[in-house]
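Here is a quick walk through one chain, from its ring pairs to its sheet and on to a helix and a loop. Keep the structure open while you read.

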Amino acid sequence: DHIADVPYLMRRTPTVRAVCEETTRQLLISMGADPARLIAVSGGEHLDFDGYVVEVVPSLHSRSADWRYFAPGRLIAPPPAPQTISDLVAGETVAYQLSFANGPSIFWSGATDFDERAVEGRRPDIAIISMTATKRVNMYLERLIRALGMPRILIPNHHDDLQTPLGETVIIPEAIAEFREVARRVSPDSTVIEPAHLEVIEL
């Protein structure tokens, strides 16, 4: 449910490739993405792109208010092009850690749960952490920040209402307030940077 612009971005920039798990790969093919530029992963891969390394981290998807997964299921072939969110299945969930040869390491997670064993011991400089108002995973944020070694920069994501267009997006105030409070309590030396749509963050 977060990939609708990927085929457009790939068409606009012919050198771009997408690293994704198999269900996402099948969905992107059905949406017109070039299969030759899709790199399928499942978690555990270390991909060397000459100057930076992408580590694929096994992860877990967020839970809904009734503790269930959103849109469970997997794809092994391209479906009809999705028209609404109800046409989607979640597939597997992965996170990523991007490490530059002469720069910072960045951990990115797009769901409000994680595989603690896969994350424990990582020490990224920057962590982009998903945060929503739904809380069905015990001490999710506290556990993740500690498992990552209290990164020096924390950036929340996924804390808007997911419905309104860019420029009109409604940030969920309870989610960002909790993010800041947990960061202050668990990792007081970390800097929290709240992103704004279409604005560059210089690190």
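## Rings that pair

Rings of Phe, Tyr and Trp (for Trp, the six-membered ring) pair if their centres lie within 6.5 Å, and planes under 30 degrees apart count as stacked, over 60 as edge-to-face and the rest as tilted. By this rule the count comes to 4 aromatic pairs. One of them is Tyr52 with Phe100, with 6.0 Å from centre to centre and 45 degrees between the planes, so the pair goes down as tilted. That pair ties together distant parts of the chain, since Tyr52 belongs to strand 4 and Phe100 to strand 5, 48 residues apart. Bear in mind that this is a predicted model.

Are these two rings buried, exposed or something in between? Tyr52 has a relative accessible area of 31%, so Tyr52 is partly exposed. Phe100, at 35% relative accessibility, counts as partly exposed too. Phe49 also comes into the picture: ring pairs link Phe49, Tyr52 and Phe100 into a cluster.

## Charges over rings

Two arginines are worth a look here. Arg63 has its charged end over the ring of Tyr69, 3.8 Å from the ring's centre. Arg136 lies over the face of Trp67, and here the distance to the ring centre is 4.6 Å.

## The sheet

How are the strands ordered in the sheet? It is an open sheet of 7 strands, in the order 3-4-5-6-7-8-9, with mixed pairing. Strand 3 (46-48) and strand 9 (191-192) are the edge strands, each pairing on one side only.

Start with strand 4 (residues 52-58) and strand 5 (residues 94-100), which run antiparallel and are joined by 7 bridges. The ring pair from above shows up again in this pairing, with Tyr52 standing opposite Phe100 in strand 5. From strand 5, a hairpin of 4 residues leads to strand 6. Strand 6 (residues 105-108) is antiparallel to strand 5, with 4 bridges between them, and Tyr96 stands opposite Trp108 in strand 6. On the next step the direction changes: strand 6 and strand 7 (residues 126-130) run parallel, joined by 3 bridges. Trp108 turns up here as well, standing opposite Ile128 in strand 7.

## Helices on the sheet

Helix 4 (residues 140-147) packs on the sheet and touches strand 6, strand 7 and strand 8 (153-157); its direction makes about 160 degrees with that of strand 7. Helix 5 (residues 173-186) packs on the sheet too, touching strand 7, strand 8 and strand 9, and its direction makes about 160 degrees with that of strand 8.

## Helix 2 and its ends

Which residues of helix 2 are buried? They are Thr23, Thr24, Gln26, Leu27, Leu28 and Ser30. The buried residues of this helix pack against helix 1 (6-12), strand 1 (18-20) and strand 2 (38-40).

Thr23 is part of helix 2 (residues 22-30), and at 1% relative accessibility Thr23 counts as buried because the cut-off for buried is under 20%. Beyond its neighbours up to four places away in sequence, Thr23 touches Gly73, Arg74, Leu75, Val89, Ala90 and Gly91. Glu21 caps the N-terminal end of the helix: one of its side-chain oxygens lies 3.1 Å from the backbone nitrogen of Thr23. Ser30, also in helix 2, has a relative accessible area of 17%, so Ser30 falls under the 20% cut-off and is buried. Leaving aside neighbours within four places in sequence, Ser30 is in contact with Pro78, Pro79, Pro80, Ala81 and Pro82. Just after helix 2 comes Gly32, with a positive phi of about 100 degrees.

## A glutamate in a loop

Where is Glu45 found? Glu45 is in the loop between strand 2 and strand 3. At 21% relative accessibility, Glu45 counts as partly exposed, because buried would need a value under 20%. The side chain of Glu45 reaches the backbone nitrogen of Gly43 at 2.8 Å. With neighbours within four places in sequence left out, Glu45 is in contact with Val54, Glu55 and Val56. As for Leu166, Glu45 is 121 residues from it in sequence and 33 Å from it in space, C-alpha to C-alpha.

How values were computed
Residues numbered from 1 in each chain as written. Predicted model: local features only at pLDDT ≥ 70, side-chain atom pairs only at ≥ 80, totals over all residues. Heavy atoms only, no water. Helix = DSSP H or I, 4+ residues; strand = E, 2+ residues; numbered from the N terminus. Buried < 20%, exposed > 50% of the residue type's maximum accessible area, 1.4 Å probe, protein only. Contact = heavy atoms within 4.5 Å. Pairing = 2+ DSSP bridges. Lys NZ or Arg CZ within 6 Å of the ring centre and 35° of its normal. Polar contact = N/O pair within 3.5 Å; in protein donor to acceptor, adjacent residues only side chain to side chain. Axes fitted to C-alpha atoms, helices over the stretch in contact; angles between N-to-C directions.
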